[in-house]
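Subject: The structure I promised you

Hi,

Here is the structure we talked about. Have it open while you read, and I'll walk you through what turned up.

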Amino acid sequence: MDDLRGKRVYFLLITILVLIILLSNLGQNFKTDGFSTSFCLTNYNALYSRYKSSKNYEEYIKSSSSYIEKFFKSNRLKPTEKSYIHRYTTLMPNKKHQSTLEVISKYGKVVKRYEYVTEYFEDYRGAISPGIYMDVPQIIETENLNNVKYKSSIALTDIYKDKNLYEIFNIDIKLKKIGISAVISPVKEGDLMLTSNLYNGTYYNYKDGLTKLLVSQTVYDELKYLTSKGYEVRVKSGAEIKETTLQNIYGVIEGKNKLYNPIIFAVFYDDEYKIDDKIYNSNIGNLITSSIMLEVIRAVQYQKLIKPDRTIIFAFLSGYNQNKIGLNMLHGSFENYDLVLLEDIGNSLNSVINYSKNQRDLTSTAEYYLKKNQINILSKNIDLSTLNKYTNITAISSQVQINTLYVTKWGKFVLDLIGNSCYNLDFLTGNFYKLRLFKNLIREYSAILSLITLILLIYTIFKRQKPLT
């Protein structure tokens with residue numbers, strides 16, 4: 001016993017360190033470093049080729065959802081309600097035929113033809129329907145349409161300026177009453193497609209609407225001048241609003257413990273519209289995000305012998321440009337869940353976090369792993385109004401090329417978050433996220449702690465006692 005005099009504190013400290021290391025390493029060895037950038041890019045190329053070859057948006061939805069469904073099956077994810085694909089309908093813009101905007105001489109010759117997208121675009125605001133009209137336009141500069149007399153079937157007007165959608169709808173009705181069938185209105189500056197309501201997703205399906213075009217301010221001023229000289233304008237609009245079928249895809253990895261609420265990792269797999277078989281203003285956006293999520297699924301399921309403690313649902317949503325309607329469909333399809341919505345991840349190392357008040361813990365965990373993977377958090381905002389539980393992480397970027405470093409860091413982040421929130425959940429770490437973070441932190445540095453413990457043990461064994469005086 002004399003040999004232990006003065007060493008008991010050291011042995012107690014060593015015992016505590018050994019127990020901490022031991023407890024932190026109990027459970028399944030979920031690997032968070034199995035993300036493959038090359039496999040991710042394979043998924044991206046598959047989705048992008050479908051996007052490029054599809055004739056329209058709805059065809060891309062069908063083609064890409066089929067690819068995702070096959071991917072789920074090959075990786076042994078289970079469907080929800082006996083089906084991976086869940087369909088819903090919504091109103092969407094549709095091109096019935098090619099549109100044109102031309103100026104016609106008195107002899108019927110085309111003297112000016114304007115460029116689609118850059119100089120004019122379909123206006124999806126208010127009440128619309130496709131049509132073809134040729135007339136000398138009528139310039140309308142007053143909002144008091146009751147005093148306007150009919151002169152032409154085509155109106156050149158700026159009275160839509162600064163009006164909301166409901167006000168535009170009411171103006172459309174008044175224009176129809178005075179005999180107007182087609183409207184050309186200017187956009188002061190900015191993207192014609194964005195102004196057109198194409199990316200807003202709120203439309204009026206009105207069978208007797210107007211043929212409507214948006215033009216740049218330069219084109220509008222030119223049309224006013226040519227109108228004053230008596231030139232006719234030919235308007236041909238192919239825009240219509242029709243009911244369209246969209247699809248969400250859900251795949252499930254069942255957890256061992258049903259006491260934990262499922263966690264949903266969601267992305268949008270649709271991107272910007274294709275216009276006239278061309279890709280305008282296209283970015284890699286949601287396509288690379290979807291590709292990262294598919295590779296995360298492969299990396300999780302590659303660890304065949306490891307089953308999560310908590311059920312994981314992977315959701316690929318559509319309707320991104322229809323006010324994210326696919327997300328609303330998700331909320332209506334599940335109860336008692338946590339949700340992580342990822343947007344544009346893989347496109348930069350700058351992110352913004354928005355989250356609901358009842359998902360603070362999961363958000364704090366996500367914040368920890370974002371920082372661990374050198375992903376910057378530009379802002380963090382809490383939503384106090386919603387009853388839905390969600391953590392929305394968005395990467396901020398406008399790049400048009402894939403950066404493999406960004407892709408790898410985001411893939412590692414998602415795997416870290418899944419590993420922390422779905423695996424090795426005992427009673428304490430499953431219900432107290434700070435203990436779970438502490439456990440993962442110890443596991444991450446267990447090699448260093450083990451070395452420190454060994455050095456402390458050797459020091460304690462060979463430590464000489466001070467001689468008695």
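Let's start with a quick one: does Glu 254 count as buried, partly exposed or exposed, and what is its relative accessibility? Glu 254 counts as partly exposed, because its relative accessibility is 35%, and the band for that label lies between under 20% for buried and over 50% for exposed. Before going on, please keep in mind that this is a predicted model.

**Salt bridges**

Glu 254 has a charged partner: its side chain meets that of Lys 78 in a salt bridge, at 3.4 Å from N to O. The two come from distant parts of the chain, 176 residues apart. Glu 254 is in the loop between β11 (239-253) and β12 (263-268), while Lys 78 is in the loop between α3 (57-74) and β1 (85-95). Lys 78 is partly exposed too, with 43% relative accessibility.

In total, the structure holds 19 salt bridges. Here are two others to click on.

- The side chains of Lys 95 and Glu 122 form a salt bridge at 3.7 Å, N to O. This pair also links distant parts of the chain, with Lys 95 in strand β1 and Glu 122 in strand β4 (residues 120-122), 27 residues apart. Lys 95 is partly exposed at 25% relative accessible area, whereas Glu 122 is buried at 0%.
- Lys 380 and Glu 367 form a salt bridge through their side chains, at 2.5 Å from N to O. Lys 380 sits in strand β16 (residues 376-383) and Glu 367 in helix α9 (residues 360-372), 13 residues apart. Lys 380 is partly exposed at 34% relative accessibility, but Glu 367 is buried, with a relative accessible area of 18%.

There is also a network: Glu 102, Arg 113 and Arg 234 are joined by salt bridges that share partners.

**Helix α2 and its neighbours**

Now turn to helix α2 (residues 37-53). Three helix contacts of α2 are worth a look, so here they are in turn: α7, α10 and α3.

With α7 (residues 285-301), the axes come within 8 Å and cross at roughly 135°. That makes the two helices oblique to each other, and the crossing is right-handed. On the α2 side the contact involves Phe 39, Cys 40, Asn 43, Tyr 44, Leu 47, Tyr 48 and Tyr 51. Facing them in α7 are Leu 287, Ile 288, Ser 290, Ser 291, Ile 292, Leu 294, Glu 295 and Arg 298. By class, the contact of α2 with α7 has 10 nonpolar, 3 polar and 2 charged residues.

Glu 295, in helix α7, deserves a closer look. Is Glu 295 buried or exposed? Glu 295 counts as buried, at 1% relative accessibility. Leaving out residues up to four places away in sequence, Glu 295 touches Gly 34, Phe 35, Ser 36, Phe 39, Cys 40 and Asn 43.

Next comes helix α10 (residues 404-422), whose axis comes within 10 Å of that of α2, crossing at roughly 105°. α2 and α10 are therefore roughly perpendicular. Thr 37, Cys 40 and Leu 41 of α2 make this contact with Thr 404, Val 407 and Thr 408 of α10. The classes here are 3 nonpolar, 3 polar and no charged residues.

Finally, α2 packs with α3 at an angle of about 155°, the axes being 8 Å apart. That makes α2 roughly antiparallel to α3, and the crossing is right-handed. From α2, the contact uses Thr 42, Asn 43, Ala 46, Leu 47, Arg 50, Tyr 51 and Ser 53. From α3, Glu 59, Tyr 60, Ser 63, Ser 64, Tyr 67 and Phe 71 take part. This contact has 6 nonpolar, 5 polar and 2 charged residues.

**One last residue**

Have a look at Tyr 203, in the loop between α5 (192-195) and β9 (211-216). Tyr 203 counts as buried, at 9% relative accessibility. Not counting residues up to four places away in sequence, Tyr 203 touches Leu 91, Met 92, Pro 93, Tyr 124, Asn 197, Leu 198, Ile 241 and Tyr 273. And how far apart in space are Tyr 203 and Gln 322, C-alpha to C-alpha? They are 9.6 Å apart, with their positions 119 residues apart in sequence.

Cheers

Methods. Residues numbered from 1 in each chain as written. Predicted model: local features only at pLDDT ≥ 70, side-chain atom pairs only at ≥ 80, totals over all residues. Heavy atoms only, no water. Axes fitted to C-alpha atoms, helices over the stretch in contact; angles between N-to-C directions. Helix = DSSP H or I, 4+ residues; strand = E, 2+ residues; numbered from the N terminus. Parallel < 35°, antiparallel > 145°, perpendicular 65-115°, else oblique. Left-handed = near helix turned anticlockwise from the far one by under 90°. Contact = heavy atoms within 4.5 Å. Nonpolar A, V, L, I, M, F, W, Y, C, P; charged D, E, K, R; others polar. Salt bridge = Lys/Arg side-chain N within 4 Å of Asp/Glu carboxyl O. Buried < 20%, exposed > 50% of the residue type's maximum accessible area, 1.4 Å probe, protein only.
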